[in-house]
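Trainee: Got a minute to go through this model with me? I'd like to work through a few bits of it out loud.

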Amino acid sequence: MVAGTIICVYHQAILCHLSPTFITIMSTKAFAVIAGVGSGTGTSLARRFAKEYPIALLARNPESYEGLVQEINNSGGKAIGISTDASDEESVKSAFKTIAQKYEDAPCAAAIYNASGGFVRKPFLETQIEDLEKGWAVTVYGHIRAICYQRPD
Ligand SMILES: NC(=O)c1ccc[n+]([C@@H]2O[C@H](COP(=O)([O-])OP(=O)(O)OC[C@H]3O[C@@H](n4cnc5c(N)ncnc54)[C@H](OP(=O)(O)O)[C@@H]3O)[C@@H](O)[C@H]2O)c1
């Protein structure tokens, strides 16, 4: 219902050129966070951002990020994975606290929100409020928590 991947680039020193196939970033020691990592878009974004930044990968289940964290760390990058529910405020707060500890209060260069509340395709008259609620909770409110939480003052 509500779907997409949102990339917020915070650090002014970063030049970010985005196209479906190409992302170039000139950068600093700041970290990047990707909320909602799975085998699809999340993995591609993580591999690309890990070429320039230490990265933090968030998903609810460790199976969603463990292999990727290992792959990035084994290939010279730096990655941590944190089990996080992007639709839960306390979980998001706790994740950013862990990131601050692990990356020693480095600034956040870019925050990518890739979690989604799932895809529901139904005729309008058969659509229930519950069908929409998860989309709003994860895709919309989760984005505001996970991305805007890191927004510089
Ligand atoms: N791939 C496509 O064909 C396609 C098409 C149209 C739109 N999109 C949109 O593109 C984005 C990425 O889709 P994708 O399929 O490529 O994703 P993906 O990177 O393969 O996986 C997304 C990950 O988000 C995690 N996630 C879901 N709910 C979460 C929550 N509440 N908190 C934290 N993490 C959560 C899931 O892991 P856990 O279950 O472990 O949390 C999942 O593995 C989504 O917004 C999707 O709607 C994709």
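Here is a short back-and-forth on a strand, two helices and what surrounds them.

Mentor: Sure, just remember that this is a predicted model.

Trainee: Let's start with β4: how many of its five residues are buried?

Mentor: Take the two faces in turn. On one side F31, V33 and A35 are buried, and on the other A32 and I34 are buried too. That makes β4, residues 31-35, mostly covered, with the buried count at five of five.

Trainee: Which residue of β5 is the bridge partner of A35?

Mentor: β4 and β5 (residues 55-59) run parallel, paired over four bridges. The chain gets from β4 to β5 through helix α1, residues 41-49, in a right-handed β-α-β crossover. Within that pairing, A35 has as its partner L58.

Trainee: And which residue in β7 stands opposite V33?

Mentor: β7 covers residues 108-113 and pairs with β4 in the parallel sense, over five bridges. Across from V33 you'll find A111.

Trainee: On to α3: within what arc do its buried residues fall?

Mentor: The helix covers residues 89-102, and its buried residues are V92, A95 and I99. E90, K97 and Q101, on the other side, are exposed. Looking down the axis, the buried ones line one face of the helix, because they fall within an arc of 60°.

Trainee: Last one: is G135 buried or partly exposed?

Mentor: G135 sits in α4, residues 129-148. Being buried takes 20 or more other C-beta atoms within 10 Å. G135 has 19, so it counts as partly exposed.

Definitions and conventions:
Residues numbered from 1 in each chain as written. Predicted model: local features only at pLDDT ≥ 70, side-chain atom pairs only at ≥ 80, totals over all residues. Helix = DSSP H or I, 4+ residues; strand = E, 2+ residues; numbered from the N terminus. Expected span 1.5 Å × (residues − 1). Buried ≥ 20, exposed ≤ 12 C-beta atoms within 10 Å, placed from the backbone. Arc of directions from axis to C-beta. Pairing = 2+ DSSP bridges. Right-handed = clockwise from strand over helix to strand, strands pointing away.
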